[in-house]
Amino acid sequence: MLQGKKIIIGITGSIAAYKIPLLVRMLIKDGAEVRIIMTPVATHFVTPLTLSTLTNHPVVVESFDPAHGTWNSHVEMGQWADLMLFAPVTANTLGKMVSGIADNLVITAYLSAKCPVFLAPAMDMDMYLHPSTQRNLEVLQSYGNTIIEPQTGELASGLSGPGRMEEPEKIHKILKDYFSGKDSLLKKKILITAGPTREKIDPVRFLSNFSSGKMGFELAETAAEMGAEVLLIAGPTTLQTRGSSICRINVTTAEEMYHACINHAPGQDVIIMAAAVADYRVKEIHSVKIKKSKGNLALELEPTTDILKSLGAVKEKNQLLVGFALETDHELVNAQAKLKSKNLDLIVLNSLNDPGAGFGTETNKVSIIDDQGTIYPGQLKSKKAVAQDILAIVVKKLIDNQ
Ligand code: CTP
């Protein structure tokens, strides 16, 4: 998986830097080309000589090399790398990455990255748990970086808690898994819906729900990283798409989403309905603002079209249809009934009873059920990791269907 892959490792000033030579050895043994950039402080923890010997390439620390009158181009590094790993990454560097403070070569390389970026934080537990560090990690994740969560254990300070950089063996496996999954959806056409819909009541009001669109956007980003041609049909959301291979259509109402889906469904290999589509709309939209009056106000609602059910009715041979089920009670039974009635191949069950799962959160916990009755139970994870799990099962299904 790593043969010929170009990997840049940015090392910053933490004691965990002493573990990086082990990781470098593993990557090189697997055929990767590794280049090292270090902050000046990192050189106190592990020597550039060790790393240049292992990589058979000079280690760069400074932007300028006055002895030779040359400079180390971070832009070239950004273009060269298939992947950048920053490990260990300190609280200080996380903060600079968030704000774009490019005062060393490691940060300038990070800002120039055109490839996926992985960050493996390492610091003492109080620094790690500080709200500013947690906020920075959230922001960096929202920029599309993958955070390799630190482990809980003995720390250099003598304290015990979260903040230990993930072990080199595990980081090695994460990078290998990334490259092995990378092309597994190559050239596959995937339609993904995301976000809520809005159903107008009058010129100033609408009916909607709490969906942020994050789960659908993570699915779109991850599918694009795995090589898919992604069409994202998004309801109203402030989220931005990062992948260049994502084509996006913005819609507002359930009706608009229905038309966009039905028009683009033919020829798709996979369709994933992650959107929280409104089930009802106002029967008659008021053309002028409804004025306040003393009594109650009754609005007559009519059902919207069930998009997923409509797609299930016209599903093409070998097309994979994936639905979501958001449930508050009898979760499994309800999800299995939806899988059947809508002619789905997979259904992703979200229970609002699970803390940390559902609307607006950075995390989610889902179970995935297939049309053969197999249930894949999940843990509470970042929405990115949940997207990876869902797409791994999609890939397996596509292979089984061949
Ligand atoms: N869905 C859809 N069109 C709708 C409503 C829902 O395509 N008008 C899709 C959602 O995108 C999701 C799945 O149907 O993939 C299930 O949505 P959910 O709200 O859980 O279930 P419903 O079928 O709407 O049933 P209920 O609200 O009664 O649970």
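Okay, let's start in the middle of things, with the largest nonpolar core. It holds 34 residues, and Leu185, Ile192 and Leu219 are the ones that touch the most other members. Quick note before I go on: this is a predicted model.

So which elements give two or more residues to that core? On the strand side we have E10 (189-194), E13 (229-234), E15 (270-273), E18 (320-327), E19 (346-351) and E21 (366-370), and on the helix side H9 (214-225) and H13 (383-401). If you want one element to click on, take H13, which gives the most to this core, with 8 residues.

Now zoom in on isoleucine 192. Setting aside residues up to four places away in sequence, Ile192 touches Gly216, Leu219, Ala220 and Ala223, then the run Val230, Leu231, Leu232 and Ile233, and also Ile272.

There's a second, separate core too, with 31 residues, including Ala32, Leu51, Phe118 and Ala120.

Let's step back to the domains. The domain assignment gives domain 1 as 6-181 and domain 2 as 189-401. How far apart are the C-alpha centres of domain 1 and domain 2? The answer is 36 Å. And where the two meet, 7 residues from domain 1 and 5 residues from domain 2 take part in the contact.

Some whole-chain numbers, while we're zoomed out. The chain has 13 helices and 23 strands, and the C-alpha trace spans about 80 × 55 × 45 Å along its principal axes. Out of 402 residues, 48% are buried. Take the contacts with a separation of 6 or more: 66% of them come from residues 24 or more positions apart. The accessible surface is about 19600 Å², and carbon and sulfur atoms make up 53% of that. As for charges, there are 41 positive and 42 negative ones, and their mean positions are 3 Å apart.

Back to domain 1, and to helix H1, residues 20-29. Which residues of H1 are buried? They are Ile20, Pro21, Leu23, Val24, Met26 and Leu27. Those buried residues pack against three strands and two helices, namely strands E1 (6-11), E2 (33-38) and E5 (83-89), plus helices H2 (48-55) and H8 (168-182). Just after H1 you'll find glycine 31, with a positive phi of about 100 degrees.

That brings me to backbone oddities. Most residues other than glycine have a negative phi, and most peptide bonds are trans. Keep that in mind for the next three spots.

Spot one is the peptide bond from alanine 87 to proline 88: it's cis, with omega near -15 degrees. Proline 88 sits in strand E5, one of the strands that the buried residues of H1 pack against.

Spot two is lysine 187. Its phi is near 65 degrees, positive in a residue other than glycine. Lysine 187 is in the loop between H8 and E10. Is it buried or exposed? Lysine 187 has a relative accessible area of 63%, and the cut-off for exposed is over 50%, so it counts as exposed.

Spot three is asparagine 343, where phi is near 60 degrees, again a positive value. Asparagine 343 lies in the loop between helix H12 (331-341) and E19. Its relative accessible area is 38%, which falls between 20% and 50%, so asparagine 343 is partly exposed.

Two more loop residues and I'm done. Histidine 57 is in the loop between H2 and strand E3 (64-65). At 31% relative accessible area, histidine 57 is partly exposed. Apart from neighbours within four places in sequence, histidine 57 is in contact with Arg35 and Ser52. Compare its position with isoleucine 233: these two are 176 residues apart in sequence and 46 Å apart in space, C-alpha to C-alpha.

The other one is threonine 374, in the loop between E21 and strand E22 (375-376). Why does threonine 374 count as partly exposed? Because its relative accessibility is 34%, between the 20% and 50% cut-offs. Leaving out neighbours within four places, threonine 374 is in contact with Ile368 and Ile369. And here's a nice pair to find on screen: threonine 374 and leucine 346 are 28 residues apart in sequence, yet 9.6 Å apart in space, C-alpha to C-alpha.

Notes:
Residues are numbered from 1 along each chain as its sequence is written. This is a predicted model: local features need pLDDT of at least 70, side-chain atom pairs count only at pLDDT 80 or more; totals for chains, interfaces and linings use all residues. Side-chain values use heavy atoms; hydrogens and water are left out. Helices (H or I, at least four residues) and strands (E, at least two) are DSSP runs, numbered from the N terminus. Buried means under 20% relative accessible area, exposed over 50%, partly exposed in between (1.4 Å probe, protein chains only). Contact means heavy atoms within 4.5 Å. Accessible areas come from the Shrake-Rupley method with a 1.4 Å probe; for residues, only the protein chains shown count as cover. Lys and Arg count as positive and Asp and Glu as negative; His and the chain ends are not counted. The place of a charge is taken as NZ of Lys, CZ of Arg, CG of Asp or CD of Glu. A nonpolar core is a set of buried Ala, Val, Leu, Ile, Met, Phe, Trp, Tyr and Cys residues joined through side-chain atoms within 4.5 Å. Domain bounds come from an automatic or database domain assignment.
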